[in-house]
Amino acid sequence: MSLQVGDIIKFERTFTAEDVVMFTKLSGDEGVHHINPDEQGRLIIQGLLTATLPTKVGGDHNVLARTMNFEFLRPVFTGDTIICEVTIEKFEKQENRTFIITSFLCRNQNEKAVMKGNFSGIIL
């Protein structure tokens, strides 16, 4: 895929309790809100697990990250489907590499913003 300034790349994922359990083991982030379900039987997804959405898009395009900024706007729960839109803000071919700057916005199935931010890096 040839990327250009203004392109929007979408990715969505529905988080499960199994995702939280595996990420808890891997990360060691064992906050009670990630282990004990709420009154509706849901777990709160770790912020960095939610952050894998825009990083997956970067990975799909072989971006070696230089910076990543995340602003977590509201909790994400098991069963939520999160739609992440990554917008190409700058795409610059340099002598021996291509530099990229993006912004992203992630919304839940109710169209509520849950996370926003940006990342930059080079495309390998």
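**Group meeting: T50 and the nonpolar core**

Okay, let's start with T50: setting aside neighbours within four places in sequence, T50 is in contact with F15, I45, V76 and M115, where contact means heavy atoms within 4.5 Å. Quick background: this is a predicted model, so local features need pLDDT of at least 70, side-chain atom pairs count only at pLDDT 80 or more, and totals for chains, interfaces and linings use all residues. Residues are numbered from 1 along each chain as its sequence is written, and side-chain values use heavy atoms, with hydrogens and water left out.

So where does T50 sit? In helix α3, residues 47–50. Helices (H or I, at least four residues) and strands (E, at least two) are DSSP runs numbered from the N terminus. T50 is buried, at 4% relative accessible area; buried means under 20%, exposed over 50%, partly exposed in between, using a 1.4 Å probe and protein chains only.

F15, one of T50's contacts, brings us to the largest nonpolar core. It has 23 residues, and F15, I82, F104 and C106 touch the most other members. A core here is a set of buried Ala, Val, Leu, Ile, Met, Phe, Trp, Tyr and Cys residues joined through side-chain atoms within 4.5 Å. Helices α1 and α4 and strands β3, β4 and β5 each supply at least two core residues, with β3 giving the most, 4.

Take C106: beyond its neighbours within four places in sequence, its contacts include L53, P54, I82 and M115.

Now, V32, in helix α2: buried or exposed? Exposed, at 59%. Its C-alpha is 28 Å from that of F104.
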